[in-house]
Amino acid sequence: MSGAVDLSVLKERAEAQRARAAAPAPQPGAEQQAPGPPPEGASIIDVTEATFESDVVARSDSQLVITLLWAGWSEPSVQLAQLLEQLAARAAGAWTLARVDVDVAPRIAQAFGAQSVPIAIALAGGQPVSAFDGRQPLEQVGAWLDEVTSKMGIPAPDAGVDEPEPEDDPRMVAAEELLNSGDFDGALAAYEAIVALEPTNTEAASAARNVKFMIRAQEHDPTILETAQPGDIDAQFAAADVLLLGQRPEQAFDRIIDVVRSADGDDKARARTRLLELFELFDPAEPFVVSARRKLAAALY
């Protein structure tokens with residue numbers, strides 16, 4: 001929250017009220033400055049003091065929540081609200097935008113120590129993890145969101161509509177046959193060849209990731225679960241692979257999150273990268289993936 005301008009909310013409000021008093025009275029039916037209804041597909045809520053605990057704090061235990069402190073009399077607030085609504089629509093529910101009108105809910109602004117509006121605060125695991133204040137261009141707001149969501153392993157929104165794949169792609173059929181026959185190396189090579197020709201082929205890319213993981217995981221000695229030392233990062237990675245191969249994703253993720261929590265520098269970055277790679281093996285909406293993202297955010301911040 002550092003770097004906020006020195007004007008307090010009360011001072012801005014008083015100045016805005018004086019400006020409104022000096023301005024001509026609005027005509028009936030004139031458009032008011034206020035956030036509109038959520039765009040289709042977006043997760044956007046209006047929060048009051050009564051609903052803050054459930055709609056923001058509790059929700060952030062399972063999903064990233066971007067809390068916007070705004071006021072209808074503040075033009076920068078309205079502009080930032082519109083930008084965040086656009087980004088929330090692109091995110092299609094991957095995170096929630098929680099709008100807080102500081103005139104309606106002043107105690108929420110006080111709880112965050114806000115001295116000006118607008119302010120956007122990212123919350124994960126019930127805690128603020130990042131924030132910025134003031135009017136910002138769309139590119140800068142988007143870059144801030146990309147940084148927050150990438151650290152938590154939240155997939156970036158699709159830039160457009162993918163072209164439909166043929167119902168029976170013979171290359172995919174051939175790769176699957178190799179996989180079913182136990183030729184993992186051949187299947188991986190087949191899937192990677194498709195991706196090399198078609199980088200946007202998400203089905204082949206996902207299959208390649210899964211096969212690559214299976215090859216790697218099967219090379220580990222299962223006794224690594226008992227022999228891996230806490231400070232041996234590679235051994236902890238191997239143990240996580242064995243757990244995941246044994247259909248124990250929660251325990252696998254926890255192994256690597258423990259490394260993120262205790263390691264520093266390059267080792268912390270390696271552990272975070274490995275965990276995000278494992279997330280890609282699953283549907284991002286899986287409850288154990290959502291839970292692990294929350295734990296990752298707490299370990300990183």
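**Notebook: a sheet and a helix pair**

I began with one residue of the sheet and found that I121 has A131, in strand 5, as its bridge partner. I keep in mind that I am reading a predicted model.

Next I looked up the two strands around that bridge: strand 4 (residues 119-124) and strand 5 run antiparallel, and six bridges join them. As background I noted that strands of a sheet pair through backbone hydrogen bonds, either parallel or antiparallel.

I then traced the whole sheet, which is open and made of five strands in the order 1-3-2-4-5, with mixed pairing. At its edges I found strand 1 (44-47) and strand 5 (127-133), each with a single partner strand, so one side of each has no neighbour in the sheet. On average, neighbouring strands here are turned by 25° against each other, if direction is ignored.

What packs on this sheet? I found helix 5 (residues 138-151), which touches strand 2 (65-70), strand 4 and strand 5, and whose direction makes about 165° with that of strand 5.

Last, I turned to helix 10 (residues 233-245) and helix 11 (residues 249-262), which pack at an angle of about 165° with their axes 7 Å apart. Angles over 145 degrees count as roughly antiparallel, and helix 10 and helix 11 are therefore roughly antiparallel to each other. I also noted that helix 10 passes helix 11 in a left-handed crossing. The residues making this contact include F237 and L243 of helix 10 and F253 and I256 of helix 11. Sorting the contact residues of helix 10 with helix 11, I recorded 11 nonpolar, two polar and one charged.

Key
Residues numbered from 1 in each chain as written. Predicted model: local features only at pLDDT ≥ 70, side-chain atom pairs only at ≥ 80, totals over all residues. Heavy atoms only, no water. Axes fitted to C-alpha atoms, helices over the stretch in contact; angles between N-to-C directions. Helix = DSSP H or I, 4+ residues; strand = E, 2+ residues; numbered from the N terminus. Parallel < 35°, antiparallel > 145°, perpendicular 65-115°, else oblique. Left-handed = near helix turned anticlockwise from the far one by under 90°. Contact = heavy atoms within 4.5 Å. Nonpolar A, V, L, I, M, F, W, Y, C, P; charged D, E, K, R; others polar. Pairing = 2+ DSSP bridges.
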